[in-house]
Amino acid sequence: MAVIFFMQLGFIMVEAGATKRQHWPGILIKNFLDTISGAIAFWIIGFGIAFGPTDSRGFIGTDPN
């Protein structure tokens, strides 16, 4: 998970380096909101898919047994 946050920092640096200095605050806000919304979406949906109970065929999640 930490790799994702380092990747977001890389996106910030690339995008800030490709634009004027006056546009940097907007880039920082956009990337911050992207990171936060992705973390919340994973917490709400992704964690249950990754680690939730499986169906009868073993399709999604892990089996606790």
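**Exercise 1. The loop residue**

Where is the place of Thr 19? Work from the predicted model.

Solution.
- Step 1. Start with the secondary structure of the chain, which comes to two helices and zero strands.
- Step 2. Place the residue: Thr 19 sits in the loop between H1 and H2.
- Step 3. Check the exposure. Thr 19 has a relative accessible area of 35%, so the residue is partly exposed.
- Step 4. List the contacts. Leaving out residues up to four places away in sequence, Thr 19 touches Trp 24 and Ile 27.

**Exercise 2. The sides of helix H1**

Determine which residues of H1 are buried and which helix they pack against.

Solution.
- Step 1. Fix the limits. Helix H1 covers residues 2-17, which is 16 residues.
- Step 2. Test the length. From its first C-alpha to its last, H1 reaches 23 Å, close to the 22 Å expected at 1.5 Å a residue.
- Step 3. Pick out the buried residues of H1: Gln 8, Ile 12 and Ala 16. They cover an arc of only 65 degrees around the axis, so they lie on the same side of H1.
- Step 4. Turn to the other side of H1. Val 3, Phe 6, Met 13, Val 14 and Gly 17 are exposed there.
- Step 5. Name the partner. The buried residues of H1 pack against helix H2, residues 24-51.

**Exercise 3. A contact seen from both ends**

Take Gln 8 and Asn 31. Classify each as buried or exposed, then compare their contact lists.

Solution.
- Step 1. Assign the helices. Gln 8 belongs to H1. Asn 31 belongs to H2.
- Step 2. Apply the cut-off: buried means under 20% relative accessible area.
- Step 3. Gln 8 has a relative accessible area of 10%, so Gln 8 is buried. Asn 31 stands at 3% and therefore also counts as buried.
- Step 4. Read the contacts of Gln 8. Not counting residues up to four places away in sequence, Gln 8 touches Asn 31, Asp 34 and Thr 35.
- Step 5. Read the contacts of Asn 31. With that exclusion, Asn 31 touches Gln 8, Phe 11, Ile 12 and Glu 15.
- Step 6. Cross-check. Asn 31 appears in the list for Gln 8, and Gln 8 appears in the list for Asn 31.

**Exercise 4. The salt bridge**

How many salt bridges does the structure hold? Identify the side chains that meet.

Solution.
- Step 1. Count: the structure holds one salt bridge.
- Step 2. Name the pair. The side chains of Lys 30 and Glu 15 meet at 3.2 Å, N to O.
- Step 3. Locate the ends. The pair links distant parts of the chain, with Lys 30 in helix H2 and Glu 15 in helix H1, 15 residues apart.
- Step 4. Check the exposure of each end. Lys 30 has 44% relative accessibility, so Lys 30 counts as partly exposed. Glu 15 has 26% and likewise counts as partly exposed.
- Step 5. Look at the surroundings. Glu 15 is also among the residues touched by Asn 31.

**Exercise 5. Two residues of H2**

Classify Phe 32 and Ala 39 by accessibility. Then find the spacing between Ala 39 and Phe 5.

Solution.
- Step 1. Place both residues. Phe 32 is in helix H2, and so is Ala 39.
- Step 2. Recall the cut-off: exposed means over 50% relative accessible area.
- Step 3. Phe 32 has 54%, so Phe 32 is exposed. Ala 39 has 28%, so Ala 39 counts as partly exposed.
- Step 4. Give the spacing. Ala 39 and Phe 5 are 34 residues apart in sequence and 9.9 Å apart in space, C-alpha to C-alpha.

**Exercise 6. The surface and the whole chain**

Which residues make the nonpolar surface patch of about 1,100 Å²? Then describe the chain totals.

Solution.
- Step 1. List the patch: Ile 29, Phe 32, Leu 33, Ile 36, Ile 40, Trp 43, Ile 44, Ile 45, Ile 49 and Ile 60.
- Step 2. Take the exposed area. The chain exposes about 5,500 Å², and carbon and sulfur atoms supply 74% of it.
- Step 3. Take the buried share. Of the 65 residues in the chain, 12% are buried.
- Step 4. Take the contact range. Among contacts between residues at least 6 apart in sequence, 13% join residues at least 24 apart.

How values were computed
Residues are numbered from 1 along each chain as its sequence is written. This is a predicted model: local features need pLDDT of at least 70, side-chain atom pairs count only at pLDDT 80 or more; totals for chains, interfaces and linings use all residues. Side-chain values use heavy atoms; hydrogens and water are left out. Helices (H or I, at least four residues) and strands (E, at least two) are DSSP runs, numbered from the N terminus. The expected span of a helix is 1.5 Å times one less than its number of residues. Buried means under 20% relative accessible area, exposed over 50%, partly exposed in between (1.4 Å probe, protein chains only). The arc is that of the directions from the helix axis to the C-beta atoms. Contact means heavy atoms within 4.5 Å. Accessible areas come from the Shrake-Rupley method with a 1.4 Å probe; for residues, only the protein chains shown count as cover. Patches are made of residues with over 30% relative accessible area and no salt bridge: like charges are joined within 9 Å, nonpolar side chains (Val, Leu, Ile, Met, Phe, Trp, Tyr) within 5 Å. A salt bridge is a side-chain nitrogen of Lys or Arg within 4 Å of a carboxyl oxygen of Asp or Glu.
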